[in-house]
Amino acid sequence: MATGQRSLIWQRFGLGARPGDLETSGPSPVADLMAEVPTATAPAALKDLPDSPSLFAVYLKQVAAKKAAASMADLSSRMEAPPPPRAAPGSMMNPVRDALLDEIAGRLKLARDARIGFAERLVLFWSNHFTVSASKQQVAVIAGGFEREAIRPHIAGRFHDMLEAVESHPAMLLYLDNERSMGVASKAGVKRGNGINENLAREILELHTVGVDAGYTQADVTSFAMALTGWTVAGAKAVDTVPGNFQFRPQMHEPGAQRVFGRDYPEGGQEQGQVILADLASHKATAQHIAFKLVRHFIADEPPKAAVAAVAAAFERSDGDLLAVYEALLKTDAAFAMPLTKLRPPVEFHLAALRALGAEAEPPRFMRTLALMGQRLYRAPSPQGWSDDSKAWLAPDAIRTRLELSVQLAARVREPKPLDRAKAILGPLLTDETATIISRAESSQQALALLLMSPEFQRR
Amino acid sequence: MRSTGPSDDLARLCVADCEQPNRRRFLGLSSAFAASLLLPYRSSLAGTRDPRFLFVVLRGALDGLSAAMPVGDPDFTKIREGFMADLSQAGAALPIGPMFALNPQLKALAGLYAKNQAAIVHAVATPYRDRSHFDGQEVLESGLPNVTHGDSGWLNRALAGLPRSAALAARDRQSLAVGPVVPLVMRGAVPVMSWSPEHLGAASDDTVARLLSLYQSRDPMLAQALEQSNLVTAETSGMAAGLPAKGARGLDAMLAMADGAARLLVRPDGPRIAALSIDGWDTHADEKPGTGRLGKLLGLLDQLFEHLQQGLAPVWNDTVIVAATEFGRTVRINGTAGTDHGTGTVAFLLGGAVKGGRVIADWPGLADKSLYESRDLKPTTDLRAVLKTVLAEHLGIDRKFLDEHVFPASGNVARIGGLVG
């Protein structure tokens, strides 16, 4: 590998270099990157954040408070008294919002302090692969908990463990409507005349495991949905567990055997769904699907076939050992090949810009800016998650917003030293054209903005 | 535009940044720079039309049976009994002919229908026959007969087929993607500009010019994006008045998008063709088509139509808007008071140029034996037939070009005829 391409450790696989970082690279880029992976599992920056049941309690409290306030308002209107005054904006009126802001503050800290950022990039990748979107309030409150409890602990583990943690996490069960899905022949189904909701089963097959072209049928989706009936979330009145935890409710589970993807699964309560998930996790098509997505995300919009094949082979050989999978990815010929083709999506661009400038972002402002660039945090537009295609992020208006953000961030830097900084963060990736335009800028602030907007900073 | 509307819980939740004042960019470009980008306006020839076309993507699969209800089909109220109480709570259904009634939330649309300025296509679908949103949207937007992961959309390819005189003018004026992400339907070889209502603040013209020169020597795609953003910036600088001042989200954001798109489309030197998306139609649980999740979304869509009609008033007679979704939903209600992924659904056509006041449907019926795969509304009209007709009649695009390039391999999909005029 050419020495210049060491910069790609940060550029392609990390969150961008900070001044000084490039000098720390060891003899093996793959070893540098792999060493960082386990740091995402349980980072200290997130250890004080509440778990999902505690967050869920916040939500339940808020719902109860709203109900109480509504009945108070109703009462006072009947008594012709003025309603109670509303709290001023910014006061402790929205604990759900505060919880999300704490989450984001933690993520910003992790991104700022990461040596490379590969571990955090993997968290972003998997959270996007297993998208939960805060389009529902119950999901909004535990979206952060989902990432900490279902994604991070398994980042250096096995795909199957992550899959089971994800599909049984309340955030996913709520987002994809499984919490009330019940078998028509289950006790609850018979009593209420209700049936299944196939949303979760379909997206597990299509998006999370084997992929849309794997050859499953509508009957497979329906049977799988039956097997997953009873996978629900403990509610406010839960007795044998804490509200906001996963709960299997046998009375909602469709009795009987199911046939999914050519295999028969005898009745087995919660285990029936678990066995299907295990089979899906080790399916050849899942290895292919995950390999394709990893290569497309990290390397190229049009993934080189050889790279996908190598990563898929590692997935199969290791039965989904993710460290083996990442290592295979990093060892493909394409991994450190030039040129830079992919556009950094907004989140990566923003974090890389902060690292390059040694700047900080306030969580609310960070969220707002990302929304303007088209990537509102925790709000992917659909279960498919954010696009991994650079062209989706090339909207002129969004590029303009990147420039505006660059100008704003650059204006706040105390010691700009633009050309030194450019060399320090880009190393040999810095082109003569960009170096020239930086050195001829009318001010050092303008120079920094141009650095952040340069093709070699925007692309990876 | 990613968020939805009043059904959007988080809109009320207001996660973060609610207190941030919204500064919008009204950049005065230096005249030399602007002149190099804003090509002179070519007025259309006397007597020729100057058509506007807007495509609205409804992402998530709209339940067509709740939007335009086949009230004349005896099976309908039986099979959808669980929705009837909620629907009647929302008000009376709005009859459109003997067979169908619009959802009570679609008041503005019903008004346009009564003025013969809106048509409903029912039991319609793209050629896609599976039930993945993402593949379904790809077929809807790519215009291809199946899923091929291509990277251009039919609306972009249509731009290349505009009649020669119109093409010159229209390409100079560009087409417009509304929102921070360009939808697939607009992506492709012909440059597209994009616009969304909120901005952080201005970058100086000088910085833009320097950056553009760097991009021109190093990165054509970024150069093109930056150039397009300049064009929009110049245009939006002339339309400062009237946009909502508050940091827009949810319903406000959507309507701000519609207002902005309309302002740009109305301008003589503005774009002629635009696309925007509305998410949130994937109603698997608690659908409530009258007063709940779907009802509120339909209400939003109706307001959007109303805003477009008002904003586009000066050019309304030259306007066609088509709103379509990737597929429909199951005919039967599922176990969680919603509907799962289906096939046949509705598409809406509206605008002063639409020959409206009718429902275009070869109604397949809702009896068990009439359903597609025993669960979905059977599609009897190919959406491409509708779109090809509009592109031919409204934008004057050549028939062969439509069959071969805009909707490849669609020669066997006959146009409907007489939708516009």
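Here are some short exercises, each with a worked solution, on the predicted model shown above.

**Exercise 1. Get to know chain A**

Task: Find how many helices and strands chain A has, and what part of its residues is buried.

Solution:
- Start with the secondary structure: chain A has 22 helices and four strands.
- Next, look at burial. Of the 460 residues in chain A, 60% are buried.
- Finish with the contacts. Among contacts in chain A with a separation of 6 or more, 72% are between residues 24 or more positions apart.

**Exercise 2. A helix in its surroundings**

Task: Decide which residues of helix α2 in chain A are buried, and which elements help to cover them.

Solution:
- Locate the helix first: α2 of chain A covers residues 29–36.
- Now pick out its buried residues, which are Pro29(A), Val30(A), Asp32(A), Leu33(A), Met34(A) and Glu36(A).
- That makes six of the eight residues, so the helix is largely enclosed by the rest of the structure.
- Then look for the cover over those buried residues: it includes α1 (7–11), α5 and α15 (322–330) of chain A.

**Exercise 3. Rings that pair up**

Task: Describe the aromatic pair Trp126(A) and Phe159(A), then the pair Phe100(B) and Trp363(B), and say where each ring lies.

Solution:
- Begin with the whole structure, where a search over all chains gives 22 aromatic pairs.
- One of them joins Trp126(A) and Phe159(A), with ring centres 5.9 Å apart and 45 degrees between the planes. An angle from 30 to 60 degrees counts as tilted, and this pair is tilted.
- Place the two rings in the chain: Trp126(A) is in helix α5 (residues 118–129) and Phe159(A) in helix α7 (residues 159–167), 33 residues apart. Both residues are buried.
- Turn to chain B. Phe100(B) and Trp363(B) have 5.2 Å between their centres and 85 degrees between their planes, an edge-to-face pair.
- Phe100(B) belongs to strand β4 (residues 100–102), while Trp363(B) sits in the loop between β11 (358–360) and β12 (381–382), so the pair ties together parts of chain B that are 263 residues apart in sequence. Phe100(B) and Trp363(B) are both buried.
- Go back to chain A for a wider view: ring pairs join Trp126(A) and Phe159(A) into a cluster whose members include Phe13(A), Phe118(A), Phe298(A) and Tyr326(A).
- Chain A also shows a charge over a ring, with the charged end of Arg344(A) 4.8 Å from the centre of the Phe457(A) ring.

**Exercise 4. Where the two chains meet**

Task: Work out how many residues each chain gives to the contact, how much area is buried, and how many salt bridges cross the interface.

Solution:
- Count the residues: chain B gives 71 and chain A gives 75.
- Look up the area. About 6300 Å² is buried between the chains, and carbon and sulfur atoms give 55% of it.
- Check the charged side chains, where six salt bridges cross the interface. For Arg375(B) and Glu198(A), the salt bridge has an N to O distance of 3.0 Å.
- Add the polar contacts: 22 residue pairs across the interface make one, with both residues at pLDDT 80 or more.
- Ask which element of chain B gives the largest share of the side that touches chain A. It is α10(B), with 10 residues.

**Exercise 5. Two residues in loops of chain B**

Task: Say whether Arg332(B) and Thr283(B) are buried, partly exposed or exposed, and find their polar contacts.

Solution:
- Take Arg332(B), in the loop between β9 (319–325) and β10 (345–350). Its relative accessible area is 33%, so Arg332(B) is partly exposed.
- Follow its side chain, which reaches the backbone oxygen of Ser374(B) at 2.9 Å. Arg332(B) is also in contact with residues including Ile79(B), Asp368(B) and Arg375(B).
- Now take Thr283(B), in the loop between β8 (273–278) and α13 (293–311). With 0% relative accessibility, Thr283(B) is buried.
- The side chain of Thr283(B) makes polar contacts with the side chains of Glu287(B), at 3.0 Å, and Arg329(B), at 3.4 Å.
- Compare the neighbours: Gly338(B) and Thr339(B) are in contact with Arg332(B), and Thr283(B) touches Gly338(B) and Thr339(B) too.

Terms used:
Residues numbered from 1 in each chain as written. Chains lettered and ligands numbered in written order. Predicted model: local features only at pLDDT ≥ 70, side-chain atom pairs only at ≥ 80, totals over all residues. Heavy atoms only, no water. Phe/Tyr/Trp six-rings, centres within 6.5 Å; stacked < 30°, edge-to-face > 60°. Helix = DSSP H or I, 4+ residues; strand = E, 2+ residues; numbered from the N terminus. Buried < 20%, exposed > 50% of the residue type's maximum accessible area, 1.4 Å probe, protein only. Lys NZ or Arg CZ within 6 Å of the ring centre and 35° of its normal. Contact = heavy atoms within 4.5 Å. Buried area = accessible area lost by both parts, 1.4 Å probe. Salt bridge = Lys/Arg side-chain N within 4 Å of Asp/Glu carboxyl O. Polar contact = N/O pair within 3.5 Å; in protein donor to acceptor, adjacent residues only side chain to side chain. Lists of a residue's contacts leave out its neighbours within four places in sequence.
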